[in-house]
Amino acid sequence: MKPNRNPSNRQQARAENALFKVITSLESVSECRDFFTDLCTPAELQALVDRWQVVEYLQRNLPYRKIHDLTGVSVTTIGRVARCLTDGAGGYRTAVDRAAKNHPSH
């Protein structure tokens, strides 16, 4: 968060909801790619992509070191993603389940 901004919890929730609502309105991978390319810096987008790759490798039960070797993601970040998979808000789990449902061969 920016240092000189102190939005109320309500303002922050409204801003987040507006962002999430617009994301759910996107209708294709191409639209999502364009939106996230505009929204994120290249490094931010790469961090999101890296974390999703980590999720996929964790689902395959690969060791953290192997995931690190394949992705370059730090073992600390891999551990954080793993904790979110088991103890997080459920977002990764929902996405994994939906991806499996929509693409059962993966």
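I take helices and strands as DSSP runs, a helix having at least four residues and a strand at least two, numbered from the N terminus.

**Entry 1. Overall layout**

I am working with a predicted model. By that definition I find 6 helices and 0 strands in the protein chain. Read from the N terminus on, the elements run α-α-α-α-α-α. I looked up the extent of the C-alpha trace next, and along its principal axes it spans about 40 × 35 × 25 Å. The chain has 106 residues, and 15% of them count as buried.

**Entry 2. Nonpolar patch**

I looked for nonpolar side chains on the surface. Leu19, Phe20, Val22 and Leu39 form a patch there, and together they have about 320 Å² of accessible area. Which helix gives the most to this patch? I note helix 1, residues 9-25, with 3 residues. Leu39 belongs to helix 2. I list Leu39 as partly exposed because its relative accessibility is 44%, which falls between the 20% and 50% limits.

**Entry 3. Helix 2 and the negative patch**

I then turned to charge. Glu27, Glu31, Asp34 and Asp38 form a negative patch on the surface. I picked Asp34 for a closer look and found it in helix 2, which covers residues 29-39. Is Asp34 buried, partly exposed or exposed? Its relative accessibility is 46%, so I put it down as partly exposed.

**Entry 4. The aromatic pair**

I searched for paired rings and the structure holds 1 aromatic pair. The pair is Phe35 with Phe36, and its arrangement is edge-to-face, at 5.6 Å centre to centre and 85° between the planes. I call it edge-to-face because the angle between the planes is over 60 degrees. I also checked how far each residue is covered. Phe35 has 21% relative accessibility and so counts as partly exposed. Phe36, with a relative accessible area of 22%, is partly exposed too. The limit for buried is under 20%, so neither value meets it.

**Entry 5. The salt bridge in helix 6**

How many salt bridges does a search of the whole structure find? I get 1. Its partners are the side chains of Asp97 and Arg93, at 3.9 Å from N to O. I accept it as a salt bridge because the cut-off is within 4 Å. Both residues lie in helix 6, residues 91-102, and they are 4 residues apart, about one turn of the helix. Asp97 has a relative accessible area of 44%, so I enter it as partly exposed. Arg93 is partly exposed as well, at 32%.

**Entry 6. Ala95 and Trp52**

I stayed with helix 6 for one more residue, Ala95. Ala95 counts as partly exposed, at 31% relative accessibility. I then looked up its separation from Trp52. The two residues are 43 apart along the chain, and their C-alpha atoms are separated by 9.7 Å.

**Entry 7. Asn61**

Last, I looked at a backbone angle. Asn61 has a positive phi of about 65°, although it is not a glycine. Where is Asn61 placed? I find it in the loop between helix 3 (42-59) and helix 4 (64-71). With a relative accessible area of 69%, Asn61 is exposed, because the limit for exposed is over 50%.

Definitions and conventions
Residues numbered from 1 in each chain as written. Predicted model: local features only at pLDDT ≥ 70, side-chain atom pairs only at ≥ 80, totals over all residues. Heavy atoms only, no water. Patch = residues over 30% accessible without salt bridge, like charges linked within 9 Å, V, L, I, M, F, W, Y side chains within 5 Å. Areas by Shrake-Rupley, 256 points an atom, 1.4 Å probe, with all protein chains shown as cover. Lys, Arg positive; Asp, Glu negative; His and termini not counted. Charge placed at Lys NZ, Arg CZ, Asp CG, Glu CD. Buried < 20%, exposed > 50% of the residue type's maximum accessible area, 1.4 Å probe, protein only. Phe/Tyr/Trp six-rings, centres within 6.5 Å; stacked < 30°, edge-to-face > 60°.
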